Amino acid sequence: MLELEFMRLAFAVGAVVGVLAPAVGFFLVQRRQSLVGDGIGHVAFAGVAAGYLLDVSPALAALVASLTGAVAIEWLRTRGRTVGDQALALVFYTGIALGVVLVSSAGALDVNLFQYLFGSILSVSRGDLVLVAALGAAALLAVAVAYRGLAGVTLDEEGARVQGLPVDRLNVLVALLAATTVAVAMRIVGILLVAALMVLPVIAAGRVARSMLQTLALAVAVGLGSVLAGLTLSYYADLAPGGTIVLVAAACFVVASLAGTVAGRR
Amino acid sequence: MQVGAGVAPRSPTPPALELRGVSFAYVPGRPVLERVDLGVEQGEFVAIAGPNGGGKTTLLRLALGLERPDEGTVLLLGEPAESCSRRREVGYLAQRSQLGGEAPATVREVVAAGRLARSGLLGPLRRRDRAVVDEAIARVGLTERARAPLRTLSGGMQQRAFIAKALASEPSLLVLDEPTTGVDADAQEALASLLDELNRELGATVLYVSHEFGAVEGHVRRLVLVRGGIVFDGAPQDLPGLWHDPSHAHA
């Protein structure tokens, strides 16, 4: 399998995505914003469509759209007088509607679009790998440096505000990291499933971990494992890679839940 | 109207908290608090009680600069509350239902989060900060449970962990909102003793806000009852007998 160039590239990009998605998703789950990745994904779809229409790189257009969408969700959530998940719903549906309109205008309702919606390892190029690796490394570095602050603030946001900590800036940082992750990960798992890879490994890890740091570490392990196992399975069984990866992650959740229940009974 | 008892506006150590003529309404025309004057000196241990809906949480939010008064001024550690530069000195324990997070945080992780205002947000915790965190955990008697996930501890132990979190910022003012919710009677008494000890040994000002004050009545030297305004401010033993049950505070 690895003698094929496209599989080597898929595994390399997949490894970055497998580590990055849960590492960023950890903070979303921790804030009970598990679906934000999905919202950003739908804005990324509008970005891809805009890329086709304007004849610029759809991947780059998706990155710009994701970043904009993430900041919009955060702004609506904190300043825009929206309640609960209304901010997410607004951006989510506006994104998908804009995407549909742009795509049909560009006459791009075809196979090319499917590779963004469902992921396509066949289309990963060396240039993609460089972009993914660079963005992934930058995002992971940001997570590593800001981990203590990001994790600490999620435990007690109001207490952090009382003490004058820059809570809003940290929230924007998480939103930007999530947007970058979506733009990077959609190459492998597709826009429709990108959020799953950010969230499922974290929920699985939370079932068995005994600390926050352990949850993060385990989530990254589950994410990486799911991508590598999913890609391998999809190659030999001729399955859709994105879906297979997410199903592996979902299976990890089932196993972790059972393990957590058993451990809890001891 | 006079400013709260014994408040000298330009003294070298400003009062921990000072409200002058403060009125506040969430809905215009329906004030939650009217013309409130309250001064709390540094080093005091004060219980703020009153019926639910009486405005004590609003008073607290005003004091911490989370709300702006419609009228009057709020000084926190001698500076306007919303722009206070000494916020890191305020250890705040929110109502338990508001303490968030999905992942299983350990006692140590929770307490370390309380150090953020002093240590900065980036990079690993330095040795001195780690020492303060360990000391805070030791002070509340949780050293042996430091690595345990918080959710595996009893309600009383969880509250002690949150107090340690507040202590980790080396606060000069400790504010606790409904700290006894979901805590059994023995643990409530232990909590009150701990706060008394922190007040005496660390010299920290303690504001204890609760709808009931039975647990701290033997420890505080001052009790403030809030119901739309301040209806009582004095030593607990001077409280009219009928009011000892806070549900009678409207009588």
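This report walks through a predicted two-chain model, from confidence to helix packing, the chain contact and two backbone oddities.

## Ground rules and confidence

Since this is a predicted model, local features need pLDDT of at least 70 and side-chain atom pairs count only at pLDDT 80 or more, while totals for chains, interfaces and linings use all residues. Residues are numbered from 1 along each chain as its sequence is written, and chains are lettered from A, with ligands numbered from 1, in the order in which they are written.

Chain A has a mean pLDDT (the predictor's confidence in each residue, from 0 to 100) of 88, and 98% of its residues reach 70 or more. Among the elements of chain A, helix H5 (residues 111-118) has the lowest mean, 77, and H10(A) the highest, 94. Helices here are DSSP runs of H or I with at least four residues, strands are runs of E with at least two, and both are numbered from the N terminus.

## H1 against H9 in chain A

Helices H1 (residues 5-30) and H9 (residues 194-208) of chain A have axes that come within 7 Å and cross at roughly 70°. That makes H1(A) roughly perpendicular to H9(A). Axes are lines fitted to C-alpha atoms, for helices over the stretch in contact, with angles from 0 to 180 degrees between N-to-C directions. Under 35 degrees counts as roughly parallel, over 145 as roughly antiparallel, 65 to 115 as roughly perpendicular, and the rest as oblique.

H1(A) brings residues including A:Val17, A:Phe26 and A:Leu28, and H9(A) residues including A:Leu197, A:Met198 and A:Ile203. Contact means C-beta atoms, placed from the backbone, within 7 Å. The residues involved split into 13 nonpolar, 1 polar and no charged. Ala, Val, Leu, Ile, Met, Phe, Trp, Tyr, Cys and Pro count as nonpolar, Asp, Glu, Lys and Arg as charged, and the others, Gly among them, as polar.

## Where the chains touch

Chain A puts 25 residues into the contact and chain B 29. On the chain A side, H6(A) gives the most, with 7 residues. By class, that side has 9 nonpolar, 10 polar and 6 charged residues.

## Chain B and two positive phi values

Chain B comes to 6 helices and 10 strands. Of its 251 residues, 47% count as buried, meaning 20 or more other C-beta atoms within 10 Å (exposed is 12 or fewer, partly exposed in between, with C-beta atoms placed from the backbone).

A:Arg32, in the loop between H1 and H2 of chain A, has a positive phi near 60° despite not being glycine. B:Glu170 also has a positive phi, about 45°, and sits in the loop between H5 and S7 of chain B. A:Arg32 is partly exposed, with 13 other C-beta atoms within 10 Å; B:Glu170 is partly exposed too, with 18.

How values were computed
Contact = placed C-beta atoms within 7 Å.
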